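Welcome, and please get your viewer ready. We will go from one selection to the next, with a short note on what to look for at each stop.

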Amino acid sequence: AAIGLARQQPARLDDSLARIEREGERMNLLVGELLTLSRLEARVGNALEEIDVGELLLDLIDDARFEGAPRHLTVDAPEMPDLLVRANGELLHRAIENVLRNALRYSPEGGALHVELKSLDNGRCRITVLDQGSGVPEDQLEKIFTPFFRGEGEKQGEGYGLGLAIARRVLAAVDGEIRAENRPQGGLAVLIELPVLAG
């Protein structure tokens, strides 16, 4: 449509090009997510390596602070312990990034995210991401991890319902888990558990 408009109204070429660029970026994002999902389902190229999950989280938190700055969102995190996990580094990065981006998207302007990593007694670690958004209806808490599921009230262009589905598949491939629960004070808690390598 934007290409047709550019041809019919050359005076509006700049507007049309900006729209074409936006749509191209959206299509690129969708194709990337579909390829990641297909790769996970086919179990292709999932080479595992040792990853310092605390270090990975600190990098992602820096990115989240940068992305949240225009909406005055803060991301606080206590000191991260040194914990090693075995996973595909690129895919684990993407899985946790998807969770953080969702938390940013649904947080109100001026809100705060809390990200925490701790070691559990059962040889696993838990990453907790807390936001101050409106939460999720109880009957949708499991559905949000299904490919292409988008909750009620989501605006057009706010994602494709693939981010959390990708996160669940990435974690399942390394004996990890992800779940979500509503916080009593409002907002959503996303809990990620991974087996820790013996030190």
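Where does histidine 72 lie? Select histidine 72 and you will find yourself in the loop between α3 (53-68) and β2. This is a predicted model, so treat every value on the tour as computed from it. Histidine 72 has a positive phi of about 60 degrees, although it is not a glycine. Switch on a surface as well: histidine 72 is exposed, because its relative accessible area is 53%, and the cut-off for exposed is over 50%.

**The whole chain**

Now zoom out and colour by secondary structure. You should see 5 helices and 7 strands, and along the sequence they follow the pattern α-α-β-α-β-β-α-β-β-α-β-β. Of the 199 residues in the chain, 40% count as buried.

**A negative patch**

Next, select Glu55, Asp59, Asp63, Glu79 and Asp82, which form a negative surface patch. Keep glutamate 79 highlighted: it is found in the loop between β2 (74-76) and β3 (84-87). Is glutamate 79 buried or exposed? Glutamate 79 counts as exposed because its relative accessibility is 77%.

**Strand β3 and its partner**

Move along to β3 and show its side chains. One face, with Val85 and Ala87, is covered, while the other, with Leu84 and Arg86, is uncovered. Then add strand β1 (residues 49-52), which runs antiparallel to β3 and is joined to it by 4 bridges. To see one pairing, pick isoleucine 51, whose bridge partner in β3 is valine 85; that valine belongs to the covered face of β3.

**A nonpolar patch**

For a contrast in chemistry, select Ile3, Leu13, Leu17 and Ile20. Together they make a nonpolar surface patch of about 320 Å². Which helix gives the largest share of this patch? Helix α2 (residues 13-42) does, with 3 residues. Isoleucine 20 is found in helix α2. Isoleucine 20 is classed as partly exposed because its relative accessible area is 32%.

While the helix is on screen, here is a rule to keep in mind: an α-helix has 3.6 residues a turn, so residues three or four places apart point the same way.

**Helix α5 and the loop after it**

Jump ahead to α5 (163-172). This helix is mostly covered, with 7 of its 10 residues buried. To display the buried set, select Gly163, Leu164, Ala165, Ile166, Ala167, Val170 and Leu171. Then step into the loop between α5 and β6 (177-182), where aspartate 175 has its place. Phi of aspartate 175 is near 60 degrees, a positive value in a residue other than glycine. Aspartate 175 counts as exposed because its relative accessibility is 53%.

**The strands around β7**

Our last stop is strand β7 (residues 188-195), which is mostly covered: 7 of its 8 residues are buried. Show its two antiparallel neighbours in turn. Strand β5 (residues 124-130) is joined to β7 by 7 bridges; select threonine 128 and its bridge partner in β7, leucine 191. β6 is joined to β7 by 6 bridges, and here glutamate 177 stands opposite glutamate 193 in β7. Finally, trace the hairpin that β6 and β7 form, with 5 residues between them. In its turn, click on glycine 186, which has a positive phi of about 105 degrees.

Notes:
Residues are numbered from 1 along each chain as its sequence is written. This is a predicted model: local features need pLDDT of at least 70, side-chain atom pairs count only at pLDDT 80 or more; totals for chains, interfaces and linings use all residues. Side-chain values use heavy atoms; hydrogens and water are left out. Patches are made of residues with over 30% relative accessible area and no salt bridge: like charges are joined within 9 Å, nonpolar side chains (Val, Leu, Ile, Met, Phe, Trp, Tyr) within 5 Å. Accessible areas come from the Shrake-Rupley method with a 1.4 Å probe; for residues, only the protein chains shown count as cover. A salt bridge is a side-chain nitrogen of Lys or Arg within 4 Å of a carboxyl oxygen of Asp or Glu. Lys and Arg count as positive and Asp and Glu as negative; His and the chain ends are not counted. The place of a charge is taken as NZ of Lys, CZ of Arg, CG of Asp or CD of Glu. Buried means under 20% relative accessible area, exposed over 50%, partly exposed in between (1.4 Å probe, protein chains only). Two strands pair if DSSP finds at least two bridges between them.
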